[in-house]
Each structure stands twice: as C-alpha cells, then as structure tokens.
Amino acid sequence: MPRGRSRVYLGMARGVGATHAMLEEAVRRRARGTDVVVGVLGAIGPASAPLAARLERLDPDGSLDPDAVIRRRPRLVLIDELADPSRRGEPTQRWEDAERIMAAGIEVLATTDIEAVASLSDTIESITGRAPAWTIPDRFLGEVDQLELVDMAPEALRRRLAHGGLLRPEELDAGRSAQFRPQVLAGLRELALTWMADLVGRQRAQESEPSPGEVRERIVVAVADGAHSEHLLQRAVRLAARMPRAELHTVHVLGTGSDGVGERPEAGRLRQQAIDAGTVFHQVIGDQVAAAVIDVARAEHATQVIVGAPRGPGRRAGVGFLPFRMAWGGPSIAEQIMRQAPDLDVHVVSTVRVQTRARRPRPERLPRWRTLLGLLLSAVLPAGLTGLLTWAGDGVGLAGDALLFLLAVVIAALIGGLLPAVLSAVIGSTLLNYFFIPPLHTFVIGEPHNVITLVIYVLVAVLVGAVVHRAASSAEQAARARTESHTLAALAVATLHGDDALSTLLEQVRSSFGMTSVALLGPGATAEEAWRVLGSVGPNPPQAPKDSDSYVPAGEGLVLALNGRTLAAGDLTVLRAFAAQAQGLMERDRLTRSAASAARLEATQRLRDALLVAVGHDLRTPLASARAAIASLRSRELALSEAEKAELLESADISTQRLAKLLADLLDLSRLRAGSLQVAREPVWLDDLIAPALDELGRVADGVRVIVAPALPPALGDAVLVTRVLVNLLGNALRHSPDGQPPTVTLSSIAGRVEARIIDRGPGIPAEDRLAVFVPFQRLGDSDERGLGLGLALCRGLIEAMEGTVQPEDTPGGGLTMVVSLPLADEAVVGEVAPGQREREDAGA
C-alpha cells in the first residue's frame with residue numbers, strides 16, 4: 001500500500017492563521033470531490049468556524065483517534081497542532097498518530113508552529129522564557145512532502161489579539177500574554193524564516209544531482225550522559241542543516257566495563273533523541289574517548305567532529321562522560337582529536353554562558369622571560385658555534401664563520417630584543433677575532449681587510465638586531481592598540497547602557513587593567529575630610545589619591561584612583577579616556593538630578609492645584625450630604641416617619657464612609673510619597689484574597705468570574721494592601737462593564753511572578769491615556785463624581801511598594817485588562833508561614 005502524502009502549515013507563532021489556511025484548503029479539496037474528515041481540531045475563531053462546520057469531524061471529545069480514522073479510510077484527514085498529545089493524560093503525540101495514518105495510505109493535512117521544532121527548543125526558550133512542553137522531531141518535518149510557512153507581522157498579530165480574534169479574555173493568562181510581546185514575536189518570526197530558508201536550501205541540494213567529485217559532508221557529534229547532550233544535539237542538527245546533503249552521526253562512548261545499553265539508563269534516552277533528530281546513532285565501548293570518536297569518524301568518512309565545552313574547570317573524564325578537559329592540566333577531548341586526526345575539523349560547543357571581559361593590555365616591552373632567554377642564548381650560541389667551527393676546521397672559511405655568528409645574533413634578537421643582540425654581537429666578534437682571524441689565539445689582527453670584515457660584521461649584527469627588535473616591539477604595540485580599541489569600544493557600550501552607569505564604568509576599568517579595586521574620588525564635604533568616595537568597585541578601594549597605586553585627574557576636583565599595580569605610561573592614555581567618561585557621567589547625573597528636581601517642583605505645583613480643586617469639590621459633596629441629613633433629623637419643624645429617619649441616617653452613614661475613604665486615600669498617598677508606609681513581605685495566596693475582596697464590594701460583584709491556575713504558587717507581598725488593590729480594581733471594572741458582561745479575574749504565574757488579571761468588556765482606555773490614569777486626581781472624562789481620582793494612583797503605589805507592577809492591557813474583543821504582577825515567594829519564606837496558612841494552601845490545591 002503506498003504511503004499517504006503529507007502537507008503541514010508551519011506558523012511563525014500561534015494565531016497567525018495556520019489552522020484557517022488548513023481549513024480553507026480542506027474545503028477546496030472537498031468541493032473538488034475529495035473525501036475529507038477532521039481528525040482533530042483545536043480552538044478556532046469565528047472566522048474559521050463556518051469552514052469547520054462544512055466538514056465531517058471524528059473528534060467529538062477533542063482527541064485524535066487514529067484507529068477511527070483508519071476504519072473510516074477517508075482520502076484526506078485534518079490534524080491540528082501536531083505537537084500536542086493525541087489524548088489527554090497519554091504521552092502519544094499527534095505526529096506519531098499521523099505517521100500511522102500515512103502508513104495506512106491516507107493523506108494528512110496538518111498544522112504546527114515554529115515553537116514545536118525540536119532542534120530549536122533551546123533557542124525558543126531563550127526567546128520566550130520557557131521551554132516548549134511538546135516538540136516534533138526534525139526527522140518528521142524533514143520527511144513532510146509539502147511544508148508551508150504561514151507568516152504575519154508582529155503588529156498585525158497583536159491587533160488580531162486585541163480585537164478578540166485569538167483568545168477569550170479569561171484565556172489570556174500570564175504565560176499566553178508573554179508569548180505575544182513584540183520582541184518575542186519578532187524573535188520567533190526571524191527564527192521561523194531562517195529555519196525555513198535552511199530547510200529549503202537543504203531540500204534543493206538533496207534533490208539536485210551531485211556534481212562529479214563533490215565530497216559529502218559527514219559530521220560526528222559526541223554526546224554524554226549529562227543533561228547538556230540534548231543542547232549539543234540541537235546545535236549539531238542546526239549546523240548540519242546549513243550544509244548541502246550533510247549526514248549527521250551521533251556517538252556515545254561507554255567504558256570498557258559496560259556490556260551494552262542495558263546497564264546505562266541514559267543510553268535509551270540518548271538513542272531516541274538521536275533518532276528523533278534524524279541522525280545515525282553509534283554506541284561504542286572504550287576508555288579513550290577521543291580515540292573512540294576518531295574511530296567512528298574514520299569508519300564513516302566524517303569530515304567534522306562536534307564536542308561539548310567544559311561545564312567546570314578541571315573535570316576528570318569518567319566512563320561515558322565527555323567533558324572538555326580530561327584532567328587538571330591534561331589535554332581536552334578536542335585537543336586530543338586535533339592532535340590524533342589533524343584532517344578533521346573540530347567544533348567546540350559551549351554548554352555554559354560565559355561573560356567575557358576585555359583583555360588586559362600587554363606591555364610595550366618584551367616579557368622579562370624573553371629578555372632573560374635572549375641573554376642566555378647570546379652567550380651560549382657564540383660559544384657553541386666556536387666549538388663547532390673549531391672541530392670542523394677550515395672547511396667554512398672566514399666569511400662563513402662570520403655569517404654563522406651573525407645568525408646567532410638574529411636568533412638572540414628574535415627572542416630577547418636589542419640588548420641580547422648587541423651582547424651576542426660583542427661576544428661573537430670577540431670569539432671570531434680570537435679563534436678564526438690570523439694570528440690565531442690573540443686579539444691582534446694581522447691583515448687590514450680582516451679588520452674591515454670584523455667591523456662590518458659588528459655593524460651588521462647591531463643593525464639586524466635593532467631591526468628585529470623594532471619589528472617585535474611594533475607587533476607588541478599593534479596588539480596593544482587593538483586591545484585598547486576593544487577596551488574603548490566596550491567602554492562606550494558600557495556607559496551608554498544601564499541605570500548604574502558609573503559602577504559599570506568603574507568595573508570596566510578594573511577588569512581592563514587587571515586591578516583589584518577602583519574608586520572615583522571627589523572633594524570632601526568638610527574641612528577634615530579631604531576626599532570622599534563617589535563610587536567604587538572591588539575590595540578596599542582607595543580613599544585618597546595617595547593611597548592608590550595609580551591615579552589620573554578626572555575633571556574639576558575629581559580623581560580616578562586604582563589599586564592593584566602601578567600602570568605603565570602607555571596605559572595612562574586609555575585611563576584618561578575612562579576618566580573623561582567618568583567626568584561626563586557625573587555631569588550627566590548632575591543635570592539629571594537638576595531636571596528631576598525641576599520636574600518634581602512642577603509636579604508638586606500641579607498636584608497642589610489639583611488637590612485644592614478636588615478638596616473644594618469632592619470632599620465638600622459627601623460632607624454637605626451628611627450635614628443635610630443630620631440637619632433634617634434635628635429639625636423640629638419636620639414630622640419624619642421612622643422609615644424616613646432610617647433613610648436619612650443611612651444617607652449620612654454612606655456620606656461619612658465616603659468621606660473617610662477619601663481621607664484614607666489621601667493619607668496613604670502622602671505616606672507612599674514620603675516613604676513611610678509600612679509594607680509586609682510575606683507569602684500571599686492571591687486565590688485566598690479574591691473572596692474577601694468580592695465580599696467587600698457587595699452584591700454587585702456576584703457575577704464576577706474567577707479562574708485560578710492549577711497549583712498556583714504564593715506571591716510575596718502584604719495581604720491587606722493586596723486585597724485593597726483588588727477591591728479598587730474590581731470596583732473600577734464593575735463600574736465600567738456593560739450589563740450582562742461582568743468582569744473576569746484570572747490568577748496565574750510565569751517566570752518568577754504571580755499575576756492577577758482583572759478583565760472587563762467596557763470602553764477601555766486609549767493607549768495615549770494609559771500613563772495619565774495613574775496620575776493622582778485624574779478621571780479622564782469619568783462622569784462618576786464619587787472620588788478624588790486617587791484609586792489607580794494608589795493601586796500602583798501600593799503594588800510598587802511590594803516590588804510589583806500594575807499595567808493596563810487591551811482585552812481581546814474590546815475592553816481593559818489590569819494586570820497586577822507580584823514577585824514569587826521564595827521556598828524558604830513559604831516554609832516559615834504559620835501551619836494554618838499552609839493547611840489552607842493545601843486544601844485550596
């Protein structure tokens with residue numbers, strides 16, 4: 001039976017329209033008479049629902065049943081989201097069932113997205129912040145008959161999300177919201193386009209006829225039992241994908257004490273990873289890891305080898321383990337392979353992230369050890385040549401003797417510079433005169449032309465030594481200049497980025513010059529204090545210029561002081577550039593503080609004006625209502641019934657409550673601005689705070705829907721203040737929600753944060769006004785006259801005091817979503833909560 005064909009729509013992200021494109025193609029095929037059924041279909045939007053309604057479906061419970069599809073035997077079956085599990089609670093994925101269905105001769109039309117590609121999982125994690133839960137092997141995608149990329153601009157996808165075309169508001173938790181950030185979508189799009197271009201290039205190369213004499217690349221990747229083997233395999237797959245018709249082999253080395261795969265529990269996992277990646281798996285036995293890898297490479301005619309970088313310094317190699325360093329000071333696996341098989345190209349893949357620093361500038365002079373070695377050679381080489389030429393007799397002649405002694409001078413100059421060259425020339429000329437110029441064994445020169453020969457020899461020796469020394473010094477200076485340019489480039493980047501620019505600059509100085517500590521000193525504040533430290537890095541920074549090993553002025557009254565070693569004169573040029581940059585930073589900070597002070601004064605004036613207006617109106621209104629109610633109760637001219645008295649008392653009570661709340665908001669806002677508000681830092685379970693918040697709002701909050709993620713972790717904050725924030729945000733959402741569409745609250749966590757999302761379907765807030773809503777005494781056209789406009793400003797201030805954030809977002813389909821994000825509570829802090837609180841958490845779970 002012929003195998004069924006396959007066509008897969010690959011989306012650059014979820015929601016770009018891969019499922020819609022699949023349904024459109026299925027409807028077209030059905031209109032042409034093809035027997036089409038839906039094997040499984042995920043959640044679809046309103047635009048795709050009419051297309052799905054025209055097709056027969058075999059997924060009444062939302063799961064894929066390959067046996068039912070094979071019994072039905074359609075011509076074409078649709079499988080949505082190939083990476084997802086076929087059935088809930090089972091490890092089988094839909095792409096595995098798709099292989100069964102294609103083996104039965106049924107054509108498959110399917111969808112997936114770039115996040116499901118197995119070889120890209122580490123890159124996906126770096127872009128999105130979390131590893132994909134389910135992936136598809138590259139082998140499967142490489143065997144697809146037709147793979148079509150569905151692309152969309154990130155801005156268009158975010159507009160689709162805001163218009164409600166992708167997710168319902170209650171489905172947009174913290175994790176899903178993070179996937180639709182502009183930088184995440186841009187990274188996924190770039191990754192999808194690059195991966196697709198590599199795949200198309202590889203397929204075209206495989207389909208074309210190889211040219212005569214073309215050498216096919218074969219790559220061997222050596223994997224270990226550690227967790228980094230999957231990362232190593234993914235990097236190897238991506239490397240092989242960029243080479244036409246490349247063949248990838250995976251090698252796992254066991255020690256001689258192992259009998260086979262059964263004794264190594266990791267071997268099965270490694271084998272499956274290699275097969276899923278589309279590689280040929282080899283498992284060999286041998287204690288010499290490099291030799292075993294070379295044997296496999298020779299047998300497979302490999303041209304390249306990939307090994308892992310060290311995961312720690314000085315790791316010793318064990319059975320089945322492939323660290324980069326074999327032992328303390330011993331050769332690495334890569335070094336052994338390069339020595340034993342120089343014809344193989346070796347790639348070293350790092351499994352850890354290393355922060356690089358600028359190299360320490362090299363001195364202009366040659367190292368001391370080279371000078372000492374040159375001096376030693378300047379004495380040993382002439383003496384050795386004298387003995388050798390004396391033993392050889394007159395076979396070389398005086399000219400040959402002089403040239404050999406000149407060669408000794410050049411060697412001494414190459415190694416030690418000018419001084420060893422001059423010393424070698426002096427010693428060589430003396431020995432040449434005494435042993436080889438007649439009369440022998442005397443310093444008298446009998447013939448005038450020998451005098452000329454000896455003088456020319458000395459001049460040539462000194463000149464050659466000077467030229468060689470200058471060339472060596474120029475090479476050192478070029479290396480120094482290159483290092484300085486890299487240092488200055490790093491300096492420019494370091495000072496342009498980051499909030500703490502001065503500390504970054506000082507750390508760059510310390511690392512560039514190899515110092516122990518660096519400090520920027522300024523004039524003291526008192527007469528007794530001559531200097532004060534404006535910023536420092538490293539232990540025991542200098543407190544005054546006289547306490548430092550090196551220092552340079554950095555502008556009026558400023559000094560950049562360093563401890564660790566005395567700098568050479570050439571280093572001071574680069575250090576002065578750092579000092580000038582430090583002076584610029586201090587001036588920038590001064591101007592920034594002046595601008596901030598002016599902005600605060602302006603904001604204070606605006607706040608004072610707004611406060612006077614608000615107090616004159618908003619505080620007077622409830623006060624007037626309360627006074628009117630009390631005056632009516634005290635009036636003897638009015639004959640009031642008991643119901644009327646109760647109504648007036650209730651009106652006075654409501655007015656005084658409103659007045660107390662307004663005053664409490666004003667007091668809390670002033671405490672926040674003064675930094676005197678006491679905030680607790682303890683584990684807070686947000687799902688436990690929703691009920692009290694809804695109770696405080698009364699019957700108007702009965703319709704609010706609450707969705708809590710499974711196993712929601714506790715946040716770190718103040719339970720009383722968080723409840724107050726929830727009450728305020730829920731009150732706003734209820735006030736702006738249309739009739740019949742109450743707000744929704746979702747609680748979830750992502751990347752060390754716990755989020756509460758209060759979702760409403762109201763009119764929303766324009767993007768240009770979202771910053772203004774957090775300014776005190778701002779209502780932005782709100783017709784509700786109850787309140788000073790402090791609610792959102794107070795909410796943001798309280799949450800930021802707990803190191804959290806409050807951000808507005810668009811609700812899909814229209815409306816506003818307020819996102820409250822708090823830091824995740826540490827396990828050590830959670831372990832210190834009261835037993836009753838922990839029991840309540842367990843009961844809630």
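Here a colleague asks a modeller about salt bridges, aromatic pairs and one sheet in a predicted model.

Colleague: Let's start with charged side chains. How many salt bridges does the structure hold?

Modeller: Good place to begin! For a pair to count, a side-chain nitrogen of Lys or Arg must lie within 4 Å of a carboxyl oxygen of Asp or Glu. By that rule, the number of salt bridges in this predicted model is 26.

Colleague: Is Asp59, which bridges to Arg57, buried or exposed?

Modeller: The closest N and O atoms of Asp59 and Arg57 are 2.9 Å apart. Arg57 has 39% relative accessibility, so it counts as partly exposed. For Asp59 the relative accessible area is 5%, and the limit for the buried class is under 20%. Asp59 is therefore buried.

Colleague: Arg100 and Asp67 also meet in a salt bridge. How many residues apart are they along the chain?

Modeller: Their side chains come to 2.7 Å, N to O. Arg100 belongs to helix α4, residues 94-103, while Asp67 belongs to helix α3, residues 66-72. The pair thus links distant parts of the chain, and the separation is 33 residues.

Colleague: And which accessibility class does Arg100 fall into?

Modeller: Its partner Asp67 has a relative accessible area of 38% and is partly exposed. Arg100 has a value of 39%, which lies between the 20% and 50% limits. So the class for Arg100 is partly exposed.

Colleague: Which helix holds both Glu507 and Arg510?

Modeller: These two residues form a salt bridge, with 2.9 Å between the closest N and O atoms. Glu507 is partly exposed, at 23% relative accessible area. The two are 3 residues apart, about one turn of the helix, and that helix is α18.

Colleague: Which residues are linked with Arg7 in a network of salt bridges?

Modeller: Here we look at a linked group rather than a single pair. The network contains Arg7 together with Glu25, Arg28 and Glu148.

Colleague: Now for the rings. How many aromatic pairs are there, and what kind is the pair of Tyr434 and Phe435?

Modeller: The count comes to 3 aromatic pairs. In one of them, Tyr434 and Phe435 have ring centres 5.0 Å apart and planes at 75 degrees. Planes over 60 degrees apart meet the cut-off, so this pair is edge-to-face.

Colleague: Phe513 and Phe578 form an aromatic pair too. Which helices do they connect?

Modeller: This pair is edge-to-face, with 6.0 Å from centre to centre and 70 degrees between the planes. The two residues are 65 residues apart, linking distant parts of the chain. Both Phe513 and Phe578 are buried. Phe513 sits in helix α18 and Phe578 in helix α19.

Colleague: Let's move to the open sheet of 4 strands. Which are its edge strands?

Modeller: The strand order is β13-β12-β15-β14, with antiparallel pairing. An edge strand pairs on one side only. Here the edge strands are β13 (531-537) and β14 (550-553).

Colleague: What is the bridge partner of Ser517 in β15?

Modeller: Strands β12 (residues 517-523) and β15 (residues 559-563) pair in the antiparallel sense over 5 bridges. In β15, the partner of Ser517 is Asn563.

Colleague: Which strands of the sheet does α18 touch?

Modeller: This helix brings us back to the sheet, since α18 packs on it. The direction of α18 makes about 75 degrees with that of β13. The strands touched by α18 are β12, β13 and β15.

Key: Residues are numbered from 1 along each chain as its sequence is written. This is a predicted model: local features need pLDDT of at least 70, side-chain atom pairs count only at pLDDT 80 or more; totals for chains, interfaces and linings use all residues. Side-chain values use heavy atoms; hydrogens and water are left out. Buried means under 20% relative accessible area, exposed over 50%, partly exposed in between (1.4 Å probe, protein chains only). Rings of Phe, Tyr and Trp (its six-membered ring) pair if their centres lie within 6.5 Å; planes under 30 degrees apart count as stacked, over 60 as edge-to-face and the rest as tilted. Two strands pair if DSSP finds at least two bridges between them. Contact means heavy atoms within 4.5 Å. Axes are lines fitted to C-alpha atoms, for helices over the stretch in contact, and angles run from 0 to 180 degrees between N-to-C directions.
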